[in-house]
Amino acid sequence: MLMDVITNPGPLKDIVLYDQEKHVSSAVWDGQERGALRCHEHTSKLSEWKLNSKQIELVERAGFGYLRRIPAISLDNPLISALVERWRRETNTFHFTVGEMTVTLEDIALLLGLGIDGKPVIGFTYTTCSSVCERYLGQAPDSTYASGGMVKLSWLKETFSFCPDDASFEEVERRTRAYLLYLVGSTIFSTTTGNKVPVMYLPLFEDFDDAGTFAWGAAALAFLYRALGNASVKSQSTICGCLTLLQCWSYYHLNIGRPKLNREPVHDHFPFVLRWKGKQNGPTANRDVIFYRKALDVLKPSDVEWLPYENMDGRYIPEHIRNSLQLGRSRTMLISFDKAERHLPDRCLKQFGLFQGIPEDVHKWVRKSRGVDGGVNFSSKMEAELNEWEMRWDNIVPDDVLGVDEADYMRWYLGITRKVVGRPISLSSEFQRTIANVRDILELAENFPTHDLDLERGNMMARIISLAQDCLRDQVGVTPTESQQQIELGKRMRGKERVRRKGMGKRRKGIDPMEDYGGSEDESQFGGPVLEVDQLHLPLTHHGNSVYDGTHMYDPVTKVDDMELCDEIPQLPEAQDMNKIDGGSSSLDVVGTSNAMTGEESLGELPESYDVKREDRESKVEDNDAAKESNEENVNREEEDGIDLGENVAESSSLGRRGENSVVA
């Protein structure tokens, strides 16, 4: 089983996960670590808003009474990043070892207290802020606080966070609208822009009672699905959306990274996300993305809480939310302005206490890139999606599923999923093991008796030796000191990731974490590009260094006396004349010539007294002098080729290939 995972982590069939090549798990498997994602949620300053009783009443009428009560919860960026590595936008679900799971409409209703039934959150878009802010807030920001159709959160807080007791009712409404825009822009609709929110939500707050009829929970889930899908692409380094919801969903459902908290009784009340607000009473270990990734790769059924809310006190759940919880099993479309995402609970039936069978096929769909020009009403551009939302109560997955064999489901699931994200054996360990095996092959081939072999088999054995030597030649140039330095660099980078969790606010502007990330531990072992071990193949082009003449194997160059060759280095013959050295053999190729010129393995055993470095310097001086006298062009070519007997073995191999290319050209 382990060897199957090492060679192919999945999916074995791409009928479901058809975007695997773009997914971050492909990059991780190749040793390309991106570190913890930057998590954009701006809840830290929500407590600075001072709402009076009139404002609180308006907030509750608009449907955000419970969301307002949720305090800022410290985000675990590595945990969120590891969860993103398991998210698949093809199905809008997490692919764990135990099956698929997802954040459902039921989860968002119980965790955040937002309505999940009602009108879709959709409307007009704007490319400027002035007119809409003037209408709904009574004033507009100057150019330093606005960007296109977005306004800075800091302007909203600085301008509207305090409402005087003697303010007119119109002013109370304006300041409450500003608060609601700040609330949704810092929580459920937080963007990767850092501190801005689109003003397109403001018209929905014009009438507070009407605002309460929108399905804000469904819109928040659509926004989160889209954010997870975008962050799961290997080129991304940030994530937005309601990350408090995502993290607390994980705490409830997975026994991984759960904090041990000193909770007061009030924290068991509604909404259920309050359970995870409190002071930790246990040690806070430094856990990075790799720690959580490994935990998810070996996730056991006993680590999963499929029904985490069944023992919660239902008396605190508002009636309108309790009556809509059945929509958690609705196979429907979630809508948030330009974003439309599929809600597929039939893939996660165990989260509703049902047996999981093989789900329906998910047809490949492309998320439409809809323009956000000013004055565009998305209601006219998303008719099909809106119709599907209207049919939400007609598409409830039945709870009387019969004849379901979960063993059949798991056999099917293991064929279509990505089994693991991280390698069970590190990339460096696999690489070192492969190189060790090649060395063993070379030793066996060199000691293999050849006197009974015919010419064809002898040449095959010679080719094996040549290919093994070429494969090992490129690995000689990395010194232990260099390797250790690269390992230490990788450790420092992982240390930076942990520091970033504690001080995201101090992060300098304009620095992309992808630029100063030093690579994974696997990659850093070798100070160069990552070599995918599962794609490691011995070179099958060129090379005829060793030749079998029916009696023994030899390198054609070694038929020349070693000392004579050393004396004559400055006057080496041209490539086409080298065949004459072994009696006209035509099997000598360009690589053999290059090896002879660079003093590589093809020189054979040199006497102990032979000073290679001294001979290097002398022969290079002679070469340059002779070339200058004969032809200036030859000097330039020789300098470009870097002919130097003192080059290390790895560099000379590279020169050999360049020599071959120049001759072929």
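Pro 271 sits in the loop between strand 9 (261-262) and strand 10 (279-280), and the peptide bond leading into Pro 271 from Phe 270 is cis, with omega near -5°. Helices here are DSSP runs of H or I with at least four residues and strands are E runs of at least two, numbered from the N terminus. This is a predicted model, where local features need pLDDT of at least 70 and side-chain atom pairs count only at pLDDT 80 or more, while totals for chains, interfaces and linings use all residues. Residues are numbered from 1 along each chain as its sequence is written, and side-chain values use heavy atoms, with hydrogens and water left out.

**Confidence**

- The protein chain has a mean pLDDT (the predictor's confidence in each residue, from 0 to 100) of 76, and 66% of its residues reach 70 or more.
- Residues 477-487 stay under 50 in pLDDT, and the model gives them 11 contacts (heavy atoms within 4.5 Å) beyond four places in sequence.
- Residues 554-616 also have pLDDT below 50, with 89 contacts in the model beyond near neighbours in sequence.
- Where pLDDT is low, don't read the predicted coordinates in detail.

**Backbone oddities**

- Most residues other than glycine have a negative phi, and most peptide bonds are trans.
- Gly 10 and Pro 11 are joined by a cis peptide bond with omega about -5°; Pro 11 is in the loop between helix 1 (2-7) and helix 2.
- Asn 92 isn't a glycine, yet its phi is positive at about 55°. You'll find Asn 92 in the loop between strand 2 (87-88) and strand 3 (93-96).

**Helix 5 and its partners**

- Helix 5 (residues 77-84) packs on helix 13 (residues 289-297) at about 45°, with the axes 8 Å apart; axes are lines fitted to C-alpha atoms, for helices over the stretch in contact, and angles run from 0 to 180 degrees between N-to-C directions.
- That angle makes helix 5 oblique to helix 13, given that under 35 degrees counts as roughly parallel, over 145 as roughly antiparallel, 65 to 115 as roughly perpendicular and the rest as oblique.
- Helix 5 passes helix 13 in a right-handed crossing, meaning the near helix is turned clockwise from the far one by less than a right angle (anticlockwise would be left-handed).
- On the helix 5 side, Pro 78, Leu 79, Ser 81, Ala 82 and Leu 83 meet Val 289, Tyr 292, Arg 293 and Leu 296 of helix 13.
- By class, this contact of helix 5 with helix 13 has 7 nonpolar, 1 polar and 1 charged residues. Ala, Val, Leu, Ile, Met, Phe, Trp, Tyr, Cys and Pro count as nonpolar, Asp, Glu, Lys and Arg as charged, and the others, Gly among them, as polar.
- With helix 12 (residues 243-253), the axis of helix 5 comes within 10 Å and crosses at roughly 80°, so the two are roughly perpendicular.
- Leu 79, Ile 80 and Leu 83 of helix 5 touch Leu 243, Leu 246, Gln 247, Ser 250 and Tyr 251 of helix 12, a set with 6 nonpolar, 2 polar and no charged residues.

**Helix 8 on helix 9**

- Helix 8 (residues 153-160) and helix 9 (residues 169-186) pack at about 150° with axes 10 Å apart, which makes helix 8 roughly antiparallel to helix 9.
- Helix 8 passes helix 9 in a left-handed crossing.
- Leu 153, Leu 156, Lys 157, Thr 159 and Phe 160 of helix 8 meet Arg 175, Ala 178, Leu 181, Tyr 182, Gly 185 and Ser 186 of helix 9, split into 6 nonpolar, 3 polar and 2 charged.

**Salt bridges**

- There are 26 salt bridges in the structure, each a side-chain nitrogen of Lys or Arg within 4 Å of a carboxyl oxygen of Asp or Glu.
- One of them pairs Glu 33 with Arg 293, closest N and O atoms 2.7 Å apart.
- Glu 33 lies in the loop between helix 2 (24-29) and strand 1 (38-39) and Arg 293 in helix 13, so this pair ties together parts 260 residues apart in sequence.
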